[in-house]
Amino acid sequence: MRLTKMGHACIRLEDDGRTLVIDPGTLTEPEALAGADAVLITHEHPDHVDGARIAAAADGGRGLAIWSTAPVVEQLEGTGADLRAVGEGDSFAAAGFEVGVLGRLHGLANPAWRQVPNVGFLVEGRLFHPGDAFTVPDVNVDTLLLPTSGPWVKAPEFIDYLHEVAPARAYSVHDGFLNDAGLAVIDRLLASLAEENREVRRLAPGESVELS
């Protein structure tokens, strides 16, 4: 399975001619949805979902299937995509990838703000994208997409989260708001968390890794 970072919180997963995209939002690379068979969206914030981009990808009725929370499904009505609302405990196949749904709410940024629904996606039982939350799967995770920046994220929290999930490898997501200086700080932090037998780092937009 090939994983490609597509900017901020978006990744593409490709395997045997099938393409699954997670969280193509406004900070995503323009080609993120090119040829995508299915899309998973963790929550309704624009850095994770871009309605205009979804509509363009679904144009022509090619059957772009999307799984997300109920508010996102409502938001994307009229785009032409095939929309399915999901919640914690659900499981399904998306473009032939087996997907489980974990988590309920967005991470807390301000006690005065409403916590919107947020779900994480466990793909093929081995790769976990938590969206904007620190949801801990109840299974061993090979690859963790690790949120490293944002108004709801503190470095001690994502470090604790990494240790709690204890994946074989972890790659930074939710880092698209940072300038070069901020990304350099994240790179140093992640390097300090890597171990001899565990890769922990940030992928540049467009960079791919092969997951065995």
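Strands here are DSSP runs of at least two residues, numbered from the N terminus. I'm keeping in mind that this is a predicted model.

**Entry 1, Asp 132.** I went looking for Asp 132 and found it in the loop between strand 10 (127–129) and strand 11 (143–147). What does a buried Asp 132 have as its nearest side chain of opposite charge? I got Lys 5, but that is 12 Å away, and Asp 132 has no salt bridge. Next I checked polar contacts. The side chain of Asp 132 reaches the side chain of His 43 at 3.3 Å, and there is another such contact, at 3.2 Å, with the side chain of His 174. Leaving out residues up to four places away in sequence, I noted further residues that Asp 132 touches, including His 45, His 48, His 106 and Trp 152.

**Entry 2, aromatic rings.** I counted three aromatic pairs. Trp 67 and Phe 92 are stacked, because their ring centres are 4.8 Å apart and their planes are at 5 degrees. Trp 67 belongs to strand 5 and Phe 92 to strand 7, so this pair ties together parts 25 residues apart in sequence. I looked up burial too: both Trp 67 and Phe 92 are buried.

Phe 134 and Tyr 161 make a tilted pair, with 5.0 Å between centres and 45 degrees between planes. Phe 134 is in the loop between strand 10 and strand 11, while Tyr 161 is in helix 3 (residues 155–165), so parts 27 residues apart in sequence are tied together. Phe 134 is partly exposed at 24% relative accessible area, whereas Tyr 161 is buried at 2%. Ring pairs also bring in Trp 152, giving a cluster of Phe 134, Trp 152 and Tyr 161.

**Entry 3, a charge over a ring.** I found the charged end of Arg 18 over the ring of Phe 97, 4.5 Å from its centre.

Terms used: Residues are numbered from 1 along each chain as its sequence is written. This is a predicted model: local features need pLDDT of at least 70, side-chain atom pairs count only at pLDDT 80 or more; totals for chains, interfaces and linings use all residues. Side-chain values use heavy atoms; hydrogens and water are left out. Helices (H or I, at least four residues) and strands (E, at least two) are DSSP runs, numbered from the N terminus. Buried means under 20% relative accessible area, exposed over 50%, partly exposed in between (1.4 Å probe, protein chains only). Lys and Arg count as positive and Asp and Glu as negative; His and the chain ends are not counted. A salt bridge is a side-chain nitrogen of Lys or Arg within 4 Å of a carboxyl oxygen of Asp or Glu. A polar contact is a pair of N or O atoms within 3.5 Å; within protein, one must be able to donate a hydrogen and the other to accept it, and residues adjacent in sequence count only if both atoms are side-chain atoms. Contact means heavy atoms within 4.5 Å. Rings of Phe, Tyr and Trp (its six-membered ring) pair if their centres lie within 6.5 Å; planes under 30 degrees apart count as stacked, over 60 as edge-to-face and the rest as tilted. A charge sits over a ring if NZ of Lys or CZ of Arg is within 6 Å of the ring centre and within 35 degrees of the ring normal.
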